[in-house]
Amino acid sequence: MPASDRAKALLPVFGISLAGWWTWAVLTPGILWMQRRYPIERGSLLRSGPAHAAGALLASFVYIGASLGSALVMFAPVRAEPIGALARGYVTSRLPIGVLLYAAVIGVGTAVAERRQRVHREVLSARLSAELALAQARALQAQLQPHFLFNTLHTIGLLVAENPAAAQQTLLRLGDLLRRTLALSETPSIPLHDELAVLQEYLAIETTRFGERLRVLIDVPEGLCGRSVPSLILQPLVENALRHGIARRVSAGVLRIAATEHDGRLRLIVEDNGPGFAAEPAPNGGHGLAATRRRLAVLHGAEATLDIGSRPGGGARVGIEIPVADA
């Protein structure tokens, strides 16, 4: 048979197949609606099973009707078989195919829906975890603020009797400091230079009380000032150094605050030349250190560390390490 004749003979077959597949393209949105309306999941099979059985039969007969109609049109000039027999043949041969194709569309739709739901749950879970961590960090930060405030008011109380002018100046500084700290109450992380600015205001108040008995050294390279740190993370460490270190010295004390960076980690150090942790009954205890440990765990998990030890030459040292991040 010449090639042109073979092509003409195959043309009706191609037309019938094309009509069938275009029918499934039209049916697919409705089948996907059925998948959403009657999901295949545990606990709903008694409801969704009959609905999908009816849907599969309906879609299959639409498919059979489209194929049969195109066959009647394509083979009209040469058809010798009765329409009834041709229809029965199409139902017998194409009904299983239609049911399988319906099930395949339902299966693909179910898989896509489950994937979408799983991604949504993961995003929601991550969002809830982040919100919970932020709430925990804010709660721990709020625990530190009254502690710091009471220490500052105690300093002012001592100055009222000893130096009223200094007490008045300290009250003004406290007002500025409170404005800064309250502004940070909803901010879990800030640039290191902002943390140091708040700390220096607090140290200005403490310097009024200690006078020449306190010398503060800040050793922070300019290149690290833009690094992100938990807000008020140094505050309780400095308070501990003043209360348990500098305040117990008769002669002048030195408080040093330093920052270094190595291998993608930022290290913050607060040290003093007081009696050190050996003079304390519980070196790992204390409200400030405990709350700081919890805040670090909430904000950075296992990637953050807090260690305490002795300063070379005598005194205490507390170090914090966190991953490097720009504010």
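Which residue in strand 5 does Thr-260 stand opposite? In this predicted model, the residue that Thr-260 faces in strand 5 is Arg-267. The pairing that brings these two residues opposite one another is antiparallel and extends over 8 bridges between strand 4 and strand 5, the latter spanning residues 265–272. The two strands form a hairpin in which 2 residues lie between them, and Asp-263, located in the turn, adopts a positive phi of about 55°.

Strand 4, which comprises residues 253–262, is also joined to strand 2 (residues 214–219) by 6 bridges, and in this case the two strands run parallel. Within this parallel pairing, Val-254 of strand 4 stands opposite Arg-215. In a regular strand, the side chains alternate between the two faces of the sheet.

The loop between strand 2 and strand 3 (228–230) contains Gly-223. With a relative accessible area of 57%, Gly-223 is classed as exposed, because this value lies over the 50% cut-off for that class. Although Gly-223 and Glu-261 are separated by 38 residues in sequence, their C-alpha atoms are 9.8 Å apart in space.

A further surface feature is a nonpolar patch formed by Leu-57, Phe-61 and Val-99, which together present about 240 Å² of accessible area. Of these residues, Leu-57 belongs to helix 2, which covers residues 45–74. The relative accessible area of Leu-57 is 41%, so this residue is partly exposed, a class that lies between the cut-offs of 20% and 50%.

Notes: Residues numbered from 1 in each chain as written. Predicted model: local features only at pLDDT ≥ 70, side-chain atom pairs only at ≥ 80, totals over all residues. Heavy atoms only, no water. Pairing = 2+ DSSP bridges. Helix = DSSP H or I, 4+ residues; strand = E, 2+ residues; numbered from the N terminus. Buried < 20%, exposed > 50% of the residue type's maximum accessible area, 1.4 Å probe, protein only. Patch = residues over 30% accessible without salt bridge, like charges linked within 9 Å, V, L, I, M, F, W, Y side chains within 5 Å. Areas by Shrake-Rupley, 256 points an atom, 1.4 Å probe, with all protein chains shown as cover. Salt bridge = Lys/Arg side-chain N within 4 Å of Asp/Glu carboxyl O.
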